[in-house]
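Visitor: Please take a close look with me at the nonpolar core of this model, and begin with the predictor's confidence. I would like each term explained as we meet it.

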Amino acid sequence: MFGIIVSGRLVQTECQAVSENQFLFNIPEADNINHVVVFMTGQMPFPDGLGGAVYFSWPRPEGPVWLLLGHISNHKPSAIFKIANLKSGGGDAGVQFGSLAQQQSHLAQIGISVEPLDQLSQQTPVTSCLSETSVAPFVEFSSKMLESFFNYASSFAVRQADMVPNPAETFVPLSTLQKWFENFQRRLQQNPTFWKS
């Protein structure tokens with residue numbers, strides 16, 4: 001049902017079923033791997049309402065740590081994931097793929113866990129998380145950009161009594177722009193990456 005492609009290697013379609021809903025691919029000699037493609041082979045679709053969460057694990061002395069890369073589904077049957085920067089990062093140690101431990105020190109693993117689509121849509125892949133050092137400047141830039149746009153647009157504001165009728169012109173109430181500005185700022189403070197979804 002699944003396959004993976006590592007650049008410069010043959011397609012891998014044989015995986016280990018470690019449970020009824022979890023599948024594992026071993027990637028030997030994974031030190032120089034930058035990207036991996038995970039795909040559905042087309043032989044069998046996911047059951048309705050289900051998709052596959054895709055995890056990556058790099059061997060560590062303390063045991064495997066699984067990092068969520070993203071997901072695949074019947075509507076998104078393949079995905080390319082960048083793993084070059086994930087080999088030393090932390091992850092979700094709560095995700096386990098059976099009792100299969102990594103034996104070789106250079107053996108990476110890709111795990112696919114079949115889960116409900118609504119659950120998959122609520123998960124945040126490690127590759128889309130911003131680091132703490134990049135969040136503050138991004139939020140500051142976004143706030144300044146919004147302020148600039150709001151100030152520019154509001155500089156053209158005129159009261160209805162002062163308007164000259166022009167049938168070719170479209171007008172947006174300044175209160176609508178103000179409401180959008182406030183909503184965007186609120187959402188940005190709650191989740192700096194909300195605009196990616």
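Guide: Over residues 129–133 the pLDDT (the predictor's confidence in each residue, from 0 to 100) stays under 50, and for this stretch the model has five contacts beyond four places in sequence, where a contact means heavy atoms within 4.5 Å. Residues 99–104 also stay under 50, and there the model has 12 such contacts. The model is a predicted one, in which local features need pLDDT of at least 70 and side-chain atom pairs count only at pLDDT 80 or more, while totals for chains, interfaces and linings use all residues. Residues are numbered from 1 along each chain as its sequence is written, and side-chain values use heavy atoms, with hydrogens and water left out.

Across the protein chain the average pLDDT is 80, and 83% of the residues score at least 70. Among the elements, helix α2 (residues 132–154) has the lowest mean, 74, whereas β3 has the highest, 94. Helices (H or I, at least four residues) and strands (E, at least two) are DSSP runs, numbered from the N terminus. The chain has three helices and eight strands, and from the N terminus on they run β-β-β-β-β-β-β-β-α-α-α.

Now to the core itself. A nonpolar core is a set of buried Ala, Val, Leu, Ile, Met, Phe, Trp, Tyr and Cys residues joined through side-chain atoms within 4.5 Å, and buried means under 20% relative accessible area, exposed over 50%, and partly exposed in between, with a 1.4 Å probe and protein chains only. In soluble globular proteins, nonpolar side chains tend to be buried together. The largest core here has 26 residues, of which I27, F56 and I110 touch the most other members. At least two residues of this core come from each of β1 (2–6), β3 (22–27), β4 (35–40), β5 (50–58), β6 (65–72), β7 (78–82) and β8 (108–116), with β8 giving the largest share, four residues.

I27 deserves a slower look. Leaving aside neighbours within four places in sequence, I27 is in contact with I4, V6, R9, I33, V36, H106, L107, A108 and I110. N26 also lies in strand β3, and because its relative accessible area is 26%, N26 is partly exposed. Beyond four places in sequence, N26 touches Q12, Q16, L107, A108 and Q109, while E14, which is 12 residues from N26 in sequence, is 9.5 Å away in space, C-alpha to C-alpha. E29 is found in the loop between β3 and β4, has a positive phi of about 50° although it is not a glycine, and counts as exposed because its relative accessibility is 63%.

S73 offers another loop position, this one between β6 and β7. With a relative accessibility of 7%, S73 counts as buried, and its contacts beyond four places in sequence are M40, F46, G51 and L117. For the whole chain of 197 residues, 34% count as buried, and among contacts between residues at least 6 apart in sequence, 73% join residues at least 24 apart.
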